[in-house]
Amino acid sequence: MFQKIWEQHEVVPETPETPAVLYVDRHLTHEVTSPQAFTVLRERGLKVRRPDRTLATIDHSSPTRSDQIFGGVPIAIESAASQIAQLQKNCAEFGVELLDLKSDQRGIVHIIGPEFGFTQPGLTIVCGDSHTSTHGAFGALAFGIGSTEVGHVFATQCLLQRRPRTFAITVNGSLSPGVTAKDLILSIIGEIGIGGGTGCVLEYRGAVMRSLSMEERMTVCNMSIEAGARAGMIAPDETTYSYLKGRPRAPHGDAWERALERWQQLPSDAGASFDREVTLDGSKLEPMITYGTNPGMVIAVSGSIPDRHDDPVFDQALAYMGLTAGAPIGGQPVNVVFIGSCTNGRLSDLRSAAQLLRGHRIARGVRALVVPGSQQVKKAAEAEGLDRIFIAAGAEWRESGCSMCIGMNGDTVASGEYSISTSNRNFEGRQGPGARTLLASPLTAAASAVRGQVTDPREFLNG
Amino acid sequence: MQPIRHISSRTVVLPSTNIDTDQIIPARFLRTTTRDGLGRQLFADWRYDADGALKPEFALNRPEAAGCAVLVAGRNFGCGSSREHAPWALLDYGFRAVISTEIADIFRSNSLKNGLLPVQVDDTTGQWLLDHAGVTVSIDIANRTLLLPEGRAVQFPLEGFARYCLLNGVDELGFLLARGEQISAYERGALQ
């Protein structure tokens, strides 16, 4: 599948001397990694070559408090306000469509692309954000780029790229109750390591992948970069097509039929070979949680923190986390619960957290923040009454954005506090200087919110 | 970009593995619209205490680290976010090359586009460099060679076009813009 998409997008094939000139079908952009690229266009007198293939939104530095978005209250962080204003100015000047701060279609860039039908199988999709791998869930080749490359795509709609290696990850069997897509990808990262996919495009295969909904597939592909892979892909199938059908930017009428015919050619041929392959048994997977300072430091929620004698880097990570080797992770008190992000901020994620929280109260002293991934997700959740479940349980219900996943928009975790978070990175300081992040699924986060400590969600499912 | 042929400097060592771009430059410093002046925030949470004072024990803050242009780090340097602010911060601080046994994909690509040289070495060389902070190394880009003290030379991988761009100060955007006609032909032919 990767090979077919790559070859269809070579404007100039690679040679030993030069990388391929690769055509980009869709370019998503946001306020943080684009300003320097627009500056280059301005300095060199260039235009955006294909504004019709470019879509901008505001997510990373935007506040999630309603009064700052809709209530006329100024954005609290001045540098965030000026970065947002700069994107508004740049989009107006270069004719790029912007889903602006008050738009009901705004949201995290990796949530709105699919929601809009902007993301489709067989396309090349890039964005100045490493979680662009999310869009690979549709059988697209999607990867994150730096700001210089954002400028290249603005100016030429192309990138210079060497062909990456391919790495098949097959997950057989089926997932047990309480084990989610988040637990699946955390298990995969635990298995291959956070540098395990470096230089590769991952292709997720097998019965478990086939059984996942599109939203679950996006959760899996989203965290490919946490295994070092720029892209992760899942072949399109009926699940993909029925998700896309009728979405605003998806093809309609005859164009839909033609697109469907093309998309059906994409899956890898039987017997396709990969540079590397790994197989997991999905039936053996459990709810997972991280205990360290990168997403590869992960164990079952029911497990204990490993002990690695004579590894100073490992000990340093545990010291940062204030955790002890050999101790069980279950029962670890938490201060903050964050449900949201491009990994787990979709409607099905909010549904699963709400289902667990219904009729419960969040433990005393625990602060819980629920941040929908987009304004459309927010609207749909409110139509189902999910917001009322969260608020009744004692959580805060916010406007969409990256929020506490990246802690650059006013939503942060205090130094020394433990945060159980449905986001994608538990790096030191990711949620605020000194913050201690435990990554988990929305189910595990909700269960832990109720108990005020790390809790296996199966304790709730079993009655 | 200025042409670069050689880099010669003493090394400063950060032995941690998996140093991610959130450590290189924390996200709260990304609310900028330029690429200038980010060196002040390089490794901010490791370099400064909560009051903004330098932590004397951190490797970059030691007197012997002054003026070092080569950073040696543990395996998988630059993983995580795609922020180009990471190489911008390293360059603005004064680094010209990063040596590790593994360097993350997006960080590598971003570094090369800004003239920061990623040097990937074998485990033995990597460990030796981690164990010998402050040695003077010399990097020859044309020959893809890292010269260690006592004359030992180690080859490192450097993609051919990136090497050409570094040696000649060639700007990739210019190269792409020169393919405008081929891009137009592709758009006429291949696009649905």
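**Notebook: a three-stranded sheet and a helix pair**

I started from V21 of chain A and looked up its neighbour in β8(A): the bridge partner there is L160(A). The model I am reading is predicted.

Next I checked V21(A) against β1(A). Its bridge partner on that side is V12(A). I also noted that E10(A) stands opposite L22(A) of β2(A).

I then looked up how the strands are joined. β1(A) and β2(A), the latter spanning residues 20–23 of chain A, are joined by two bridges and run antiparallel. Between β2(A) and β8(A) I found four bridges, again with the strands running antiparallel.

From there I wrote down the whole sheet. It is open, has three strands in the order β1-β2-β8 of chain A, and its pairing is antiparallel. β1 (10–12) and β8 (158–161) of chain A are the edge strands; each has a single partner strand, so one side of each has no neighbour in the sheet. I looked up the twist as well: on average, neighbouring strands of this sheet are turned by 40 degrees against each other, direction ignored.

Are the residues of β2(A) buried or exposed on its two faces? I found A20(A) and L22(A) on one side and V21(A) and Y23(A) on the other, all buried, so both faces of β2(A) are covered by the 20-or-more count of C-beta atoms within 10 Å that I use for burial.

I also looked for what chain B brings to this sheet. Helix α8 of chain B, residues 180–189, lies across β1, β2 and β8 of chain A. Its direction is at about 145 degrees to β1(A).

My second topic was a helix pair in chain A. Helix α2 (residues 35–44) and helix α4 (residues 78–94), both of chain A, pack with their axes 10 Å apart and at an angle of about 40 degrees. I therefore entered α2(A) and α4(A) as oblique to each other. The crossing of α2(A) past α4(A) is left-handed.

Which residues make the contact? From α2(A) I listed P35(A), F38(A) and L41(A). From α4(A) I listed Q83(A), Q86(A), N90(A) and F94(A). Sorted by class, the contact of α2(A) with α4(A) holds four nonpolar residues, three polar ones and no charged ones.

Note on methods. Residues are numbered from 1 along each chain as its sequence is written. Chains are lettered from A and ligands numbered from 1 in the order in which they are written. This is a predicted model: local features need pLDDT of at least 70, side-chain atom pairs count only at pLDDT 80 or more; totals for chains, interfaces and linings use all residues. Two strands pair if DSSP finds at least two bridges between them. Axes are lines fitted to C-alpha atoms, for helices over the stretch in contact, and angles run from 0 to 180 degrees between N-to-C directions. Two residues are in contact if their C-beta atoms, placed from the backbone, lie within 7 Å. Angles under 35 degrees count as roughly parallel, over 145 as roughly antiparallel, 65 to 115 as roughly perpendicular and the rest as oblique. A crossing is left-handed if the near helix is turned anticlockwise from the far one by less than a right angle, and right-handed if clockwise. Ala, Val, Leu, Ile, Met, Phe, Trp, Tyr, Cys and Pro count as nonpolar, Asp, Glu, Lys and Arg as charged, and the others, Gly among them, as polar. A residue is buried if 20 or more other C-beta atoms lie within 10 Å of its own, exposed if 12 or fewer, and partly exposed in between; C-beta atoms are placed from the backbone.
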